[in-house]
Amino acid sequence: MSLLPQHTELDVIGAGLTVRLPGGDTVPFAHLDYAASAPCVRAAADAVEGLLPWYGSVHRGAGVRSRTSTLEYERARDIVAGFVGARPGDAVVFTRNTTDALNLLARCLPADVTTIVFDGEHHANLLPWPATLRLATPSSPDAAVEALDRALRSLRGPALLAVTGASNVTGEVWPVRRLADVAHRHGARVVVDAAQLAPHSPVDLAELGADYLALSGHKLYAPFGAGVLAGRADWLDTAAPYLRGGGASASVGDDAVTWATGPARHEGGTPNLLGAVSLAAVCAALGRADRAALHEREQSLLARLRDGLAGVPGVAEVSAFGAAQPRVGIVSLALPGGDAAEVADRLADEHGIGVRAGQFCAHPLARRLTGAAGVTGCDTATAALLRVSFGLGTTDGDIDRFVAAIGALTSGAAGRQLVGVRAGR
């Protein structure tokens with residue numbers, strides 16, 4: 001059973017992909033690496049195909065192609081604005097991805113702003129900020145709220161909290177609204193990295209209590225190179241353009257430039273029309289879907305996976321807040337004394353299952369989690385986890401095949417040999 005079989009516009013492109021195993025058998029490919037890049041859905045592909053005959057320059061021509069392209073680009077902006085609950089006066093800027101969006105905001109911060117981040121963040125939300133107060137990832141949501149409150153009490157001057165909506169390592173949902181309420185009591189602003197939250201749950205700036213929100217199309221079933229930064233316009237309108245060039249400039253004289261206002265100020269150059277339109281198409285399709293049913297189905301798959309893994313020796317699910325913390329469809333496993341990369345390779349080669357091994361661009365958190373799970377035999381720079389992630393199009397069979405395969409690979413003499421740490425790593 002697929003996660004959403006009744007909505008054809010959310011059918012996954014390539015759902016029937018098969019791979020040949022070394023023994024000659026052909027099996028369906030089980031893609032369980034959605035947290036890295038989700039597959040394309042029909043709505044995104046159809047939007048691109050439908051626009052291609054009309055593709056032209058955006059904001060730069062008078063012909064029918066340019067006019068159509070400009071209309072569709074701005075229509076996409078409006079659809080995405082609705083998807084994230086943009087408020088009157090908010091800006092919606094198209095970027096390349098979440099990393100690009102957060103770097104854009106970092107470039108727009110007033111010089112006296114201190115950014116507060118927990119060290120469990122993805123590097124995209126850990127590294128861009130010019131002045132940072134880094135907090136250790138706490139052991140519970142309550143502790144996170146308390147740590148933020150203490151940090152803000154110690155600061156003098158304006159602050160920005162940069163926090164994930166859902167961890168790309170553990171899938172755990174962060175207490176964003178509670179953190180935002182604390183931040184706002186201290187006069188601080190909040191930006192939410194929604195790259196992993198948006199594909200699994202509705203996101204709304206007001207409900208999250210966020211001043212800004214960033215997300216990626218390639219996580220949201222629209223892998224055509226577009227992302228979004230949405231939120232308050234004042235910092236964006238007063239900062240220097242992110243990309244200086246055509247489109248960002250309203251007028252250019254011999255010795256002076258007048259920069260554009262609004263999203264155009266930070267969208268210099270020819271924009272990614274197809275990326276914006278495909279992302280908007282998925283946002284619209286998700287808006288028409290029953291998100292509660294999607295959530296229920298995903299949680300069913302998550303429970304199936306976790307229940308199955310509970311019976312597999314040699315693997316340990318990792319978490320920052322504990323096993324009971326709500327999470328999206330992401331589970332990471334430690335292999336105590338083992339080699340996650342080797343297991344991932346064999347899952348792909350021998351079982352036709354795609355997962356990811358590594359530290360997932362969240363090195364401080366991954367190192368802490370592997371150490372807490374008792375991973376030994378490799379230093380903290382190379383300690384790796386095995387991540388399973390899923391969403392639209394994932395079936396019960398995909399989950400069951402993974403559980404059976406990981407059990408076979410990590411049990412018995414063959415398993416012990418497999419998960420031995422590779423020399424030189």
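## Strands, helices and cores in a predicted model

Let's start with a single pair: Ile-330 has Ser-389 in E17 as its bridge partner. This is a predicted model, so read everything below in that light. The two strands behind that pair are E14, residues 330-334, and E17, residues 385-389, and they run antiparallel with four bridges between them.

**The sheet around E14 and E17**

Step back and you find an open sheet of four strands, ordered E13-E14-E17-E16, with antiparallel pairing. At its edges sit E13 (316-317) and E16 (356-358), each of which pairs on one side only. Helix H10, residues 291-309, packs on this sheet and touches E13, E14 and E17. The direction of H10 makes about 15° with that of E14. Another helix, H11 (residues 340-351), lies across E16 and E17, and runs at about 40° to E17.

H11 has a helix partner too. Its axis and that of H13 (residues 396-409) come within 11 Å and cross at roughly 120°. Why call H11 oblique to H13? Because roughly 120° falls outside the roughly perpendicular range of 65 to 115 degrees and is not over 145, H11 counts as oblique to H13. The crossing of these two helices is right-handed. On the H11 side the contact involves Val-343, Arg-346, Leu-347, Glu-350 and His-351, while H13 brings Arg-401, Phe-402, Ala-405, Ile-406 and Leu-409.

**Strands E5, E7, E8, E9 and E10**

Now for another set of paired strands. Is E7 (residues 159-164) buried or exposed? Six of its six residues are buried, so the rest of the structure largely encloses E7. Both faces are covered: Ala-159, Leu-161 and Val-163 are buried on one side, and Leu-160, Ala-162 and Thr-164 on the other.

E9, residues 212-216, is mostly covered as well, with five of its five residues buried. Tyr-212, Ala-214 and Ser-216 point one way from E9, and Leu-213 and Leu-215 point the other way.

Here is how these strands pair up:

| Strands | Sense | Bridges |
|---|---|---|
| E5 (residues 114-118) and E7 | parallel | four bridges |
| E7 and E8 | parallel | five bridges |
| E8 (residues 189-193) and E9 | parallel | three bridges |
| E9 and E10 (residues 227-232) | antiparallel | five bridges |

To find your way in the viewer, pick out some individual pairs. Ile-116 stands opposite Leu-161 in E7. Thr-164 faces Asp-193 in E8, and Asp-193 in turn has Ala-214 as its bridge partner in E9. Tyr-212 stands opposite Gly-231 in E10.

**The nonpolar cores**

Which residues have the most contacts inside the largest nonpolar core? They are Leu-152, Val-203, Leu-215 and Leu-220, in a core of 76 residues. Helix H9 (residues 273-288) supplies the largest share of this core, eleven residues.

Leu-215 is worth a closer look. Leaving aside residues up to four places away in sequence, Leu-215 touches a list that includes Phe-83, Val-84, Ala-194, Ala-198, Leu-220, Val-228 and Leu-279. Polar residues turn up among these neighbours too, including Asn-97 and Thr-98. There is also a second, separate core of 27 residues, and Val-331, Ala-340, Val-343 and Ile-406 are among its members.

**H1 against H9**

Back to H9, which packs with H1 (residues 42-51) at an angle of about 135°, their axes 8 Å apart. This angle makes H1 oblique to H9. The crossing is right-handed. From H1, Ala-43, Ala-44, Ala-47, Val-48 and Leu-51 take part, meeting H9 residues that include Leu-273, Leu-274, Val-277, Ser-278 and Ala-281. Val-282 and Ala-285 of H9 are also among the residues met.

**Two loop residues with positive phi**

His-59 has phi near 65°, a positive value in a residue other than glycine. You'll find His-59 in the loop between H1 and H2 (64-83). Its relative accessible area is 47%, so His-59 is partly exposed.

Cys-361 also has a positive phi, near 55°, and again is a residue other than glycine. Where is Cys-361? Look in the loop between E16 and H12 (363-372). Cys-361 counts as partly exposed because its relative accessibility is 32%.

Notes:
Residues are numbered from 1 along each chain as its sequence is written. This is a predicted model: local features need pLDDT of at least 70, side-chain atom pairs count only at pLDDT 80 or more; totals for chains, interfaces and linings use all residues. Side-chain values use heavy atoms; hydrogens and water are left out. A nonpolar core is a set of buried Ala, Val, Leu, Ile, Met, Phe, Trp, Tyr and Cys residues joined through side-chain atoms within 4.5 Å. Buried means under 20% relative accessible area, exposed over 50%, partly exposed in between (1.4 Å probe, protein chains only). Contact means heavy atoms within 4.5 Å. Two strands pair if DSSP finds at least two bridges between them. Axes are lines fitted to C-alpha atoms, for helices over the stretch in contact, and angles run from 0 to 180 degrees between N-to-C directions. Angles under 35 degrees count as roughly parallel, over 145 as roughly antiparallel, 65 to 115 as roughly perpendicular and the rest as oblique. A crossing is left-handed if the near helix is turned anticlockwise from the far one by less than a right angle, and right-handed if clockwise.
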